[in-house]
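The following exercises concern one protein chain. Attempt each task before reading its solution.

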Amino acid sequence: MHDPLPAAVLIQPRLITRQVVTGIHIEVQGTHTLGMTVPVRNAKHQNVQVVLGVDIPTFQHMFFDRVVNAHSGSVREDVSPTAQTLST
């Protein structure tokens, strides 16, 4: 099974707390950093989002509801996030 959290976030984006942090550049010409991803301060394009927290109880409920009930066709679509967001 692939990582179920990113798939769940596509269905319910409120499962995670995220923040745009910086721009990232792939170094293709450097002597010491060739092939590395390098953070760029004051980048024109902020292209990196970091997940700061996951609503674990809601994710677990959503995941197990879909796994356990997948064969019966009774998967709930009304999973609502809890008030508590747990930091990773």
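**Exercise 1. Locate Met 36 and describe its surroundings.**

Step 1. Met 36 lies in the loop that runs between strand S2 (23-26) and strand S3 (37-40). Helices (H or I, at least four residues) and strands (E, at least two) are DSSP runs, numbered from the N terminus.

Step 2. The model is predicted: local features need pLDDT of at least 70 and side-chain atom pairs count only at pLDDT 80 or more, while totals for chains, interfaces and linings use all residues. Residues are numbered from 1 along each chain as its sequence is written, and side-chain values use heavy atoms, with hydrogens and water left out.

Step 3. Buried means under 20% relative accessible area, exposed over 50%, and partly exposed in between (1.4 Å probe, protein chains only). Because its relative accessible area is 43%, Met 36 is partly exposed.

Step 4. Leaving aside residues up to four places away in sequence, Met 36 touches His 25, Ile 26 and Glu 27; contact means heavy atoms within 4.5 Å. Met 36 and Ile 26 are 10 residues apart in sequence, and their C-alpha atoms are 5.8 Å apart in space.

**Exercise 2. Determine which side chain forms a polar contact with Asp 55.**

Step 1. Asp 55 occupies the loop between strand S4 (49-54) and helix H2 (56-69).

Step 2. Asp 55 is buried yet has no salt bridge, and the nearest side chain of opposite charge, Arg 14, is 8.4 Å away. A salt bridge is a side-chain nitrogen of Lys or Arg within 4 Å of a carboxyl oxygen of Asp or Glu. For charge, Lys and Arg count as positive and Asp and Glu as negative; His and the chain ends are not counted.

Step 3. The side chains of Asp 55 and Thr 58 are joined by a polar contact of 3.0 Å. Such a contact is a pair of N or O atoms within 3.5 Å; within protein, one must be able to donate a hydrogen and the other to accept it, and residues adjacent in sequence count only if both atoms are side-chain atoms.

Step 4. Thr 58 belongs to helix H2, and its relative accessibility is 3%, so Thr 58 counts as buried.

**Exercise 3. Describe how helix H1 packs against H2.**

Step 1. Helix H1 (residues 4-11) and H2 pack at an angle of about 100 degrees, with their axes 11 Å apart. Axes are lines fitted to C-alpha atoms, for helices over the stretch in contact, and angles run from 0 to 180 degrees between N-to-C directions.

Step 2. H1 is therefore roughly perpendicular to H2, a label given to angles of 65 to 115 degrees.

Step 3. H1 contributes Pro 4, Leu 5, Ala 8 and Ile 11 to the contact, and H2 contributes Phe 59, Met 62, Phe 63 and Arg 66.

Step 4. Within H1, Ala 8 is buried, with a relative accessible area of 7%. Ala 8 and Phe 59 are 51 residues apart in sequence, but 7.3 Å apart in space, C-alpha to C-alpha.

Key
Parallel < 35°, antiparallel > 145°, perpendicular 65-115°, else oblique.
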